[in-house]
Each structure stands twice: as C-alpha cells, then as structure tokens.
Amino acid sequence: MEFRILVYLCSLLIYCVNCVKITSLGSFKISDPAFVTLYENPNGKDPKDKYDFVISTFSAIPFATDTVGIVKGIGHFMDNVPGIKPETLTTQATWPNEAAGVPDDVFGKRMVIVPYGFILPFKTNGGLKLIDVSTEPPSGPYTITDDSTGQWFYHRTRWHDMDGDGDLDAVTCHAREPIFGSKASELLWLENPNGDVTFAWKTHVLSEGPDIFFEYTTLNTTDGPVECIVTAQFFTKALGIYWTTNSKGLWTNTSEVKSRIIDATIGAVFEVKLDDVNNDGRMDLLVTNNGNNGSVFVYEIPDDFRTGQFKRHVISTGYVPISTGNGKGAPGSSFTARISNNTKPIIIVSGDDNGGAYILTANSENKNDWTYTQTTVVTTGGETVGQLACADVDGDGMLELFVPSYSTSVTDVYRLEM
C-alpha cells in the first residue's frame, strides 16, 4: 500500500533491464479485474482515440454480479491513470472471460463480443453475447448461442467466413466440466445470419477436444496455404491443430476437417499465439502451460504442419502459484510485442496465480539463440493476475501495458520503451 501511494503522489517509477525501460503510469481501482483487451478504432482521428479498453470482472461468490466495461479512447487517460473509470456495458454475462472488440467489417459498426461462463457453481451456464457500442448508450446484450444442448462455457471468439457466403462467422470453443455428469469440449462455429443478432445463430461443431483458447490462421504447406485453427487444450491437455482440406478453404463439411496433436506432454495447455518470435521470417507458436511448475514455450512450425515435426524450445520456466489447490496454476497467457521493428519481439507473460507480470527479452538477435532474460514488471501482492493487454494507445511511439491485478482490485499501467 505504501508503495502504491508513493507512486501515485510522488513520482513515476522507472527502471531499465536489457534495454527495455519500464515506467509506471499508475493504477486505477476496479473490483476483480480479470481479462483486459484493446479494441482498435481505425476511424479515430486523434491518435489517443485509436484504442478502446475493454475489461471483464467476475467474482467466485455465487450470485455475485459480474461486469464487462469499456473506456473509449483509453489513450486520453495516460496522464491521469487513477482517473480511469470504465463504463459498464453489461452485468448480464455470468463470469465474462475474454470480452473483445469485434472487427468493424463483421457488422459494419463497433461491437463487443462477450464469451462467458466457467466451472464455478451457479456460473457454469455460459454463452456468447454481443453488445453494440456504436450507440449511446450501448445497446444489448444480444445472445447468439443456443444452450439447448447443455450448459457450456466460452472463453474466446475469432471471426472468419467459414462457409464462403461473404460474411464473417463466429469461431469459438466451448466446454463443460461438471463435478458430476459428463464432461465435454468442442471446436465450433456459429453461422452469421447476415448480421442479425436478435436470435441464436446456427451452431456447427467441427470436432471434440478443444476447450478454451485457440487462434485461427493460414499456414503454408507443400500444397500451398491452408486454413487452420491452432488449439490450446486446457482440460484435454494437448496442443492441437485442425485444418480443412476443402479446396476453397470452407469448413462446412466435417469430413474435410483434419487434425493432429502437436504435443500432449506438457500438461494443461493454457494459451497459444502466432508470431515470428526469432525474426527468421517464419511463423512460430508461442505457448504456455499452466500448473504447479509452468513454462513458456516456442514451437517452430515445420514446412508442412500436417506432417512435419514442431521443434519445441523452453523459453522460460519455473512459474509456481502462490498457493496450491483446485484450479491454481501459473503462468497464464503470453503474447509478443514489438518495441523495435528491427529486433526480436519481447514476450509479455501473465503470471496468473503467482501474482506477477513479466517481460522476456531475447539475449541476442541470432535466430538460433532461444535464450531469454526475464524482467519482473510487477509483483502485485495478490495471488492472481489476469490477462494482460499492450499497445501504443496514445500515439507517442511507446507501448502501454495493462496489468489487471485480480486479487488486489486494481489495474496497473506501464509504459515500455527501448
């Protein structure tokens, strides 16, 4: 507490390790911050309007109110971070997860998608809700999932034209993990009915197995580029990849959907992202597992992902939750960010239940050197940190990093620069 008061009243905390300078811009109070995302606004005339900030909060207490909030033009607040007060978008999504902006070309206006639900008692019945943030006040939420097949929870949504009809469909995973009864998890897509959000969209299940986080991408093969979905399978404990053999890249025929397990030896796979991590001109998989001794990995994607070997590198390890127990683990999500276009990207890591946030910096620019140095951005003093977000939100050429400290009910903001 004394540390936070000093930061707030006296000065900015500045320190530099491995040429990345980390400056604390302060923090703002919000109960139980969990997931934060940045929603890019291509129509913002002021650089400080380039991003809207979306935040989800939830409580493990049964029947407690959970919220999704937004701060439009978050860049305007970098000189007054303690003054940030998110506008509530909805309290009707129970245990909201990765609430995120919908690409503007899906509906032709700004919308937020809210995947919700989890394994907590009385909060297992999830779905997908859409909120129209192009209006004042925002309208919705509109539920586009049909829960007639059971109580599913959802964590992430991506958008792609799965059936070739010209509009973008919702790609997602859902799962159920009841204490008693059958457990299940599925990769699926919801068919966009020409932008109508007033009723549930038709569901198309692609495969069993994927459950929480994933990424949609296109990867090269010896037969040319192929549409695929890379999955971080937490409950089914596998890193997987699914692709369509349809000549037009469509996903409408499940007999044309193929898959393989990339790795089933690292336990509960928490997150997967794609980037050229070592600057060799080829995409890689950035992966975390979550447990009592978690790690950050990079997998080199082979020339043909369908048959080739994914070479695994351990980038950082030894992430341990502060306390043990059901559902406790570390680390959480990780992602890359570029402070300079001429160097390898940094890797930003949420500690999840170890209560910290970290930056991993490459020890050299050699593409074959996979060693990194870890810098602790913050140790929050609480047990859990949520999903982080990072971008240049105010147009000053430097990155801003948002760290939701779930256990201490504040969100810290930092500036990153070379």
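Hi everyone. Before we start, one bit of vocabulary: Ala, Val, Leu, Ile, Met, Phe, Trp, Tyr, Cys and Pro count as nonpolar, Asp, Glu, Lys and Arg as charged, and the others, Gly among them, as polar. Keep in mind, too, that this is a predicted model.

Let's begin with the largest pocket, which holds about 1100 Å³ of space. Lining this pocket are 40 residues, and the closest to its centre are Phe118, Ile119, Gly327, Lys328 and Asp353. With our classes in hand, the lining comes out as 20 nonpolar, 14 polar and six charged residues. Strand 3, residues 33–40, and strand 19, residues 269–275, each give at least two residues to that lining.

On to the second largest pocket, with about 950 Å³ of space. Which residues lie nearest its centre? They are Thr37, Leu38, Arg158, Lys273 and Cys390, out of 31 lining residues. By class, this lining has 16 nonpolar, six polar and nine charged residues. Several strands supply at least two lining residues each, among them strand 3, strand 11 (153–160), strand 15 (213–219) and strand 19.

Last, the cysteines. How many disulfides does the structure hold? Zero. Take Cys173: its sulfur has its closest cysteine sulfur in Cys228, 14 Å away, so the two are too far apart for a bond. A disulfide would need the sulfur atoms within 2.5 Å. Cys228 is likewise in no disulfide. And are these two buried or exposed? Cys173 has 0% relative accessibility, so Cys173 counts as buried, and Cys228, also at 0%, counts as buried too.

Thanks for listening!

Notes: Residues are numbered from 1 along each chain as its sequence is written. This is a predicted model: local features need pLDDT of at least 70, side-chain atom pairs count only at pLDDT 80 or more; totals for chains, interfaces and linings use all residues. Side-chain values use heavy atoms; hydrogens and water are left out. On a 1 Å grid over the protein atoms alone, a cavity is a set of points where a 1.4 Å probe fits but cannot get out, and a pocket is an open set with protein on both sides within 12 Å along at least five of seven lines; lining residues have an atom within 4 Å of a point. Grid points are joined across faces, edges and corners, and a volume is the space filled by probe spheres set on the points. Helices (H or I, at least four residues) and strands (E, at least two) are DSSP runs, numbered from the N terminus. Buried means under 20% relative accessible area, exposed over 50%, partly exposed in between (1.4 Å probe, protein chains only).
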